[in-house]
4 protein chains.
Amino acid sequence: MPRKPNTELRRRQIIEGLLKTMAVHGYAGATIQAVAAASGLAPGLLHYHFHDKREMLVALVDQLVAYAQHRYEVRANSATTPRERLRAYIDARLAYGEDANPDAVAAWVMIGAEAVRDAEVREIYRRAAERELALLQRLLKACLVHEGKRVRRLNHVAAGLLAYVEGCFMLAANARDLVPRGFAAEMAAEWVDRYIAQEAASARVAARPTPSRRRSAP
Amino acid sequence: MPRKPNTELRRRQIIEGLLKTMAVHGYAGATIQAVAAASGLAPGLLHYHFHDKREMLVALVDQLVAYAQHRYEVRANSATTPRERLRAYIDARLAYGEDANPDAVAAWVMIGAEAVRDAEVREIYRRAAERELALLQRLLKACLVHEGKRVRRLNHVAAGLLAYVEGCFMLAANARDLVPRGFAAEMAAEWVDRYIAQEAASARVAARPTPSRRRSAP
Amino acid sequence: MPRKPNTELRRRQIIEGLLKTMAVHGYAGATIQAVAAASGLAPGLLHYHFHDKREMLVALVDQLVAYAQHRYEVRANSATTPRERLRAYIDARLAYGEDANPDAVAAWVMIGAEAVRDAEVREIYRRAAERELALLQRLLKACLVHEGKRVRRLNHVAAGLLAYVEGCFMLAANARDLVPRGFAAEMAAEWVDRYIAQEAASARVAARPTPSRRRSAP
Amino acid sequence: MPRKPNTELRRRQIIEGLLKTMAVHGYAGATIQAVAAASGLAPGLLHYHFHDKREMLVALVDQLVAYAQHRYEVRANSATTPRERLRAYIDARLAYGEDANPDAVAAWVMIGAEAVRDAEVREIYRRAAERELALLQRLLKACLVHEGKRVRRLNHVAAGLLAYVEGCFMLAANARDLVPRGFAAEMAAEWVDRYIAQEAASARVAARPTPSRRRSAP
DNA sequence: CATGAATGAGGATTCATTCAT
DNA sequence: CATGAATGAATCCTCATTCAT
C-alpha cells in the first residue's frame, strides 16, 4: 500500500519556513534548526527534501518570482487598456493589499544581498530582472503607442522603474515609518503618467531627427 | 618611551578590508580571517582595535554614510542654482565618476540586508535615510520655489527619489549589464525635470513664503 | 520511526566528565575538548545537550548538592536518636567511606571559587548553604532538647559547623597528607559533643518535648 | 645618573592589582589587561617585572601568607598569656577589624582552588598550612600546659581549627549574609575554650590510660 | 623602565550535514 | 518518510606574551 507522497507539501512547508526565518534573520541566520522550527518539522527532514540549504534558497527565490508573476497576472486580467495594465503591474509590485506579504519583501532584500555573493542565486535574480524589464518595456510601449507617442529609450525607463521597485522594497524593510504610507505605488503611477504625458507625439510628418526634450518647442 | 597610537590608521585599514570583503562575501561571509587578510593585518589585531565584528560593521556604515555626505558636499559647492544643487545630489549618489566605488555600492546592499536583522545597524541606516529625505526635500523645495511652482507633497517625492537611489544600488550590484550603462543618474534627472515641469504655478500674488499644502488655498 | 531521546543519559555523562576534569583542572581549565574526552563524546555534542559551559557547571552543582543530600538521607534513615542523626550528617559530609568521592570534594572547592565570580553559581551555592544551615539547626536543636539542654544561638553553631565542613574540603583537596587521616569527622563529632555537654540545662522541670525557644514560657 | 629603580614599588602595585582582580574574577579571569588596569600600569610593564602570570600569582600568595603572619605577630605581641596568644591567632585570622581585607579573603579562596591544579601554588599553600598547623599546635600546647591539662592529639585539634578557618573564608566569600555577623572568631574562641575545659588534668598521679571521653566520669 | 600595538595559539560556540533508529 | 542525536569543521573572540619605539 504505497503511501501518498507528501513531498510537495513538505517542500512548500520548508520554503515557507525559510521565508519567515530569512525575513527576520537573513540567509546566514536562517539555520536549519530555525527553519525546521518555523516549518514545524524535524531538522533532519529538511535534508531529505532538499539536498542542502542553498537548494532551499533557490526554491524560495523561484517561488517568490512566480508569486510576483502571479500577482501581476491576476491584476492584468481585469485590465482592458495599456494604461490599466501598466497600473496593474505597479500595484502588483508596490500596492498594499490583501495579498501583500511583508515577509516576502524583507526576504527579497535578503535575497538581493545573497545574490551578490552566490552565483546561482544571482542568476535567478538576473533572469527575474530580465523578465521584469522585458515586461515593463512591453507595457510602456503599449501605452505610448496607444497614445500616439513616440517610443524610445524604453530600456532606460524600464530600468528606472525596476530600480524604483527594488528600492521601495528596501525602504519598506528598513524605513517603513520614515516614508509616507502607501507612497510607493502612488508615486510610481504619477511618474509614469508624467513621463508619458511629456513624450512627444509619434513622428510621422515631423522633422528634426532628435529634438532636444529639454527645450520647449518654439 | 611611549609609542604613539596608530589606532585611527588601523581602524581605517580594517574598515577598508571589511568593505572590500563584504562587497564580495556579505557580512556573514566576511570572516575575521578574510578581513584581516584584506587589511594586511593579523586576525587578532582586529579585535584589539574593535571590540567585535559588529563594531566594525557599525564603523563601516558610519564611514559610508559620511562618504556619501562628502560626495554631495563637494559637488554642491560648485553649484549655484537650486537645479544644479539637486543635480549635484543625483550625481553624488548615482553618477559614475572618478570617485565612484563599486565596492561601496555592493557593501551598501549588504548593509541594507543586515539592517533588517540588526537593530543597531538599522538605526544607523534609518538615521541616514532621514537625513537623505530631509536633504531631498530641501533641494526639491528650493527648485520649486525658485521656479515659482507650487510646493506640495515633498515627502512623497523625496521618498520616491530615495527609493530610486537605493534600487539603483541593488541593480548595480546584481544586474549591472542588464540595464543601460549610466542610466541611473540620467533617468533621475529626467524624472525630476518632468516632475518640476508639470507642477502648477505657485498661487499668485499672495506669496506667503511657504504656503502650507495642508490648508486649502483661499 | 522516531528515535527515543537519550538526553538524560548524555547529560549525566557530560556532567560526570566535567566533574572529573574540574577536579583536576578547575572550571576554566575544564575545556570543552577535555570534558568531551573525559565523557567519551564528541565536543560538538556537549553543546547539543547543554546550551553552554556554564549550564553544565550549574547542572554539576545541582547534582553535587543533590548527592550530598542523598548521602545524608541514607545515613539518617538508619539513625534513631537525635545524636545519631547529627552523627549521620557529619559522616555524610566528612567520613571516608565506600561512597566517598575525592573528585567531588576537589570539584566542590573549584565551585566555591567559581561562585565568587558567577552570580548564578553563587546563588545555587547559597541556597545549598541555607539548606545545610537549616538542617544543622534542626539537628542540633533536636539533640539539645532531647538532652534537656537550653537551646540558643543555633545559627552560630550551625554556621561554625558548616564552615568547618567547607574548610575540611579545602584541606582535603590541597593538604590531605598534612592532617591526620580521617580527622575531619572525628573532630566534628567531638566538638559537637563538647558543645552539647557544656550547654546549660534547660530552664525548669517543664519539658514538653519540643519547647519553642521563640515563645516565652507561660 | 642612575635612576632609582622602582622595581619593588611596581611589583607591589602589580600584586595589589592582581589581588583586587582575582577577588572578583578569579585567577583565570584576572587577565593581564585587567590587572594592569587595576594597577594603573601599562600591560606591557607587567611582563617586565614578572616573567609570567604565574609568577605574579606566586608572589601574591607569598605576600598574603606574610600578611597573615604579620597580622598574628602584631596581635601576639600584646598578649601575655597562652590563652591570649591563642586568641590573638584567632582574631588575626577571623576577626573583623580595621585591617580586615575582604579582597584578600576572596583571593585566598581563589588561590585555594588554583592550588588544586597548580603544583607550585599548591606547594606554597601547603607550606603555609604546615606553618599554621605548627603554630596552632604550639599555641594549643602552651594553653594546655599552662592550665595543667593533658596534652594529646594536638595535630587533630590544630587540623580542625585550620579547617575551620579556611571554611570561614569560603563562607565569607560566598555566603556572608547567611551567617551571623562576626560569628567566626566568636565560635572559634568558644570551641577552643570548651575543648580545653574538657581536657582532663595532666596525668601525674592519674591513671587509666585513655579514659573514654564519651562517658562522663562517674 | 614604559608604552601599547602586534601576534597567534587556544577555547567556546555554531551549524550544515549525516545517519542510526 | 521521520526523528533527533551525532559529528567536526569553521568561526568569533580572548589573552598571555613579545617587541618596536
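The following conversation concerns cavities and one helix pair in a predicted model.

User: How many cavities of 30 Å³ or more does a search of the whole structure find?

Analyst: The search finds seven cavities of that volume or more.

User: And how much space lies in the largest cavity?

Analyst: The largest cavity holds about 670 Å³ of space. Its lining consists of 37 residues, and the closest to its centre are Ala92(A), Arg93(A), Leu94(A), Val105(A) and Phe169(A).

User: Which elements give two or more residues to that lining?

Analyst: They are α4 (53-77), α5 (82-94), α6 (102-117), α7 (119-146), α8 (154-174) and α9 (183-198) of chain A.

User: Which one gives the most?

Analyst: That is α8(A), with seven residues in the lining of the largest cavity.

User: How do the lining residues divide into nonpolar, polar and charged?

Analyst: There are 27 nonpolar, three polar and seven charged residues in the lining of the largest cavity.

User: Changing topic: at what angle do α6 of chain C and α6 of chain D pack?

Analyst: These two helices, each covering residues 102-117, pack at about 140 degrees, and their axes are 9 Å apart. The crossing of α6(C) and α6(D) is left-handed.

User: Which residues make the contact?

Analyst: From α6(C) they are Ala106(C), Val109(C), Met110(C), Gly112(C), Ala113(C), Val116(C) and Arg117(C). From α6(D) they are Ala106(D), Val109(D), Met110(D), Gly112(D), Ala113(D), Val116(D) and Arg117(D).

User: What is the contact of α6(C) with α6(D) by class?

Analyst: By class, that contact has 10 nonpolar residues, two polar residues and two charged residues.

Definitions and conventions
Residues are numbered from 1 along each chain as its sequence is written. Chains are lettered from A and ligands numbered from 1 in the order in which they are written. This is a predicted model: local features need pLDDT of at least 70, side-chain atom pairs count only at pLDDT 80 or more; totals for chains, interfaces and linings use all residues. Side-chain values use heavy atoms; hydrogens and water are left out. Axes are lines fitted to C-alpha atoms, for helices over the stretch in contact, and angles run from 0 to 180 degrees between N-to-C directions. Helices (H or I, at least four residues) and strands (E, at least two) are DSSP runs, numbered from the N terminus. A crossing is left-handed if the near helix is turned anticlockwise from the far one by less than a right angle, and right-handed if clockwise. Contact means heavy atoms within 4.5 Å. Ala, Val, Leu, Ile, Met, Phe, Trp, Tyr, Cys and Pro count as nonpolar, Asp, Glu, Lys and Arg as charged, and the others, Gly among them, as polar. On a 1 Å grid over the protein atoms alone, a cavity is a set of points where a 1.4 Å probe fits but cannot get out, and a pocket is an open set with protein on both sides within 12 Å along at least five of seven lines; lining residues have an atom within 4 Å of a point. Grid points are joined across faces, edges and corners, and a volume is the space filled by probe spheres set on the points.
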